[in-house]
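Biologist: Before I rely on any of the labels attached to this model, I would like to hear how each one is justified. Could you take me through the reasoning, label by label?

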Amino acid sequence: MRDPHPVMGAVLALAASRRATVELTDETLEVRLGLTWHARIPRASIRAAGHDPLRTISIGAHGWRGDWLVNTSRHGLVVLDLEPPAPGRCLGWPLRVHRLHLSLADPDAFLAALTVPRPAA
């Protein structure tokens, strides 16, 4: 069996990055998962936020049609509904985020700091 191309190895190493940051300021929420995923979301776009009932077995950045899961843990998930959708990037590709599922070390403190309504069921 042939070895994978070295560039693919580098891409996979970046994609597997567990280094994530979430920064909430008065104006924005910035979410970054290593070099693979990034979004800067205006706080005014966060229409609803709450604990996420989603059960996941995966770690990383996964999305489809504007619904994104960005996590480094299967625990502490919150969900944010965004309107208008926020711009972001995954592996350099531009994307629009309508809904963001996010893992946090202290989801209760994060939700208290946001002070927005709970998401619709």
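Modeller: Let me begin with the word contact, which here means heavy atoms within 4.5 Å. By that rule, and leaving aside neighbours within four places in sequence, Trp37 is in contact with Val31, Arg32, Ala61, Trp68, Val70, Arg89, Cys90, Leu95, Val97 and Leu100. Please keep in mind throughout that this is a predicted model.

Biologist: What is the overall layout of the protein chain, read along the sequence?

Modeller: The protein chain has 2 helices and 8 strands, and their order along the sequence is α-β-β-β-β-β-β-β-β-α. Of its 121 residues, 36% count as buried, and of the contacts between residues at least 6 apart in sequence, 58% join residues at least 24 apart.

Biologist: What makes Glu30 and Arg40 a salt bridge?

Modeller: The cut-off is 4 Å between a side-chain nitrogen of Lys or Arg and a carboxyl oxygen of Asp or Glu. In the pair Glu30 and Arg40 the closest N and O atoms are 3.1 Å apart, so the pair falls within the 4 Å limit and earns the name. Glu30 lies in strand S2 (residues 28-33) and Arg40 in strand S3 (residues 37-42), so this pair ties together parts that are 10 residues apart in sequence.

Biologist: Why is Glu30 called buried, while Arg40 is called partly exposed?

Modeller: Buried means under 20% relative accessible area, and partly exposed covers the range from there up to 50%. Glu30 has a relative accessibility of 17%, so it counts as buried, whereas Arg40 at 44% falls in the middle range and is therefore partly exposed. Glu30 also forms a salt bridge with Arg32, where the closest N and O atoms are 3.4 Å apart, and Arg32, with a relative accessible area of 33%, is again partly exposed.

Biologist: How many salt bridges does a search of the whole structure find, and which parts of the chain does the pair of Asp81 and Arg99 link?

Modeller: The search finds 3 salt bridges. One of them joins Asp81 and Arg99, whose closest N and O atoms are 2.6 Å apart; the pair links distant parts of the chain, with Asp81 in strand S7 (residues 77-90) and Arg99 in strand S8 (residues 93-103), 18 residues apart. Asp81 is buried at a relative accessible area of 15%, while Arg99 is partly exposed at 27%. As for the word network, salt bridges that share partners join Glu30, Arg32 and Arg40 into one.

Biologist: How do you know that the buried residues of H2 line one face of the helix?

Modeller: In helix H2 (residues 107-114) the buried residues are Pro107, Phe110, Leu111 and Leu114. Seen down the axis of H2, they fall within an arc of 95°, so they line one face. An α-helix has 3.6 residues a turn, so residues three or four places apart point the same way. The buried residues of H2 pack against strand S1 (20-24), S2, strand S4 (46-51) and S7.

Biologist: Which residues have the most contacts inside the largest nonpolar core?

Modeller: That core has 23 residues, and those with the most contacts inside it are Trp37, Ile41, Leu80, Leu100 and Phe110. Two or more residues are given to this core by each of S2, S3, S4, S6, S7, S8 and H2, and the largest share, 5 residues, comes from S7.

Biologist: Why is Asn71 called buried, and which residues is Asn71 in contact with?

Modeller: Asn71, which lies in strand S6 (residues 67-71), has a relative accessible area of 1%, so it is under the 20% limit and counts as buried. Leaving aside neighbours within four places in sequence, Asn71 is in contact with Thr56, Ser58, Ile59, Gly60, His62, Leu77 and Ser103. In addition, a polar atom of the Asn71 side chain lies 3.0 Å from the backbone oxygen of Ser73.

Biologist: What makes the backbone at Arg65 worth pointing out?

Modeller: Most residues other than glycine have a negative phi, and most peptide bonds are trans. Arg65 is not a glycine, yet its phi is positive, about 55°; Arg65 sits in the loop between strand S5 (60-64) and S6, and at 72% relative accessibility it is over the 50% limit and therefore exposed. Elsewhere, a cis peptide bond with omega of about 0° joins Glu83 and Pro84, and Pro84 is found in strand S7.

Terms used:
Residues are numbered from 1 along each chain as its sequence is written. This is a predicted model: local features need pLDDT of at least 70, side-chain atom pairs count only at pLDDT 80 or more; totals for chains, interfaces and linings use all residues. Side-chain values use heavy atoms; hydrogens and water are left out. Buried means under 20% relative accessible area, exposed over 50%, partly exposed in between (1.4 Å probe, protein chains only). Helices (H or I, at least four residues) and strands (E, at least two) are DSSP runs, numbered from the N terminus. The arc is that of the directions from the helix axis to the C-beta atoms. A polar contact is a pair of N or O atoms within 3.5 Å; within protein, one must be able to donate a hydrogen and the other to accept it, and residues adjacent in sequence count only if both atoms are side-chain atoms. A nonpolar core is a set of buried Ala, Val, Leu, Ile, Met, Phe, Trp, Tyr and Cys residues joined through side-chain atoms within 4.5 Å.
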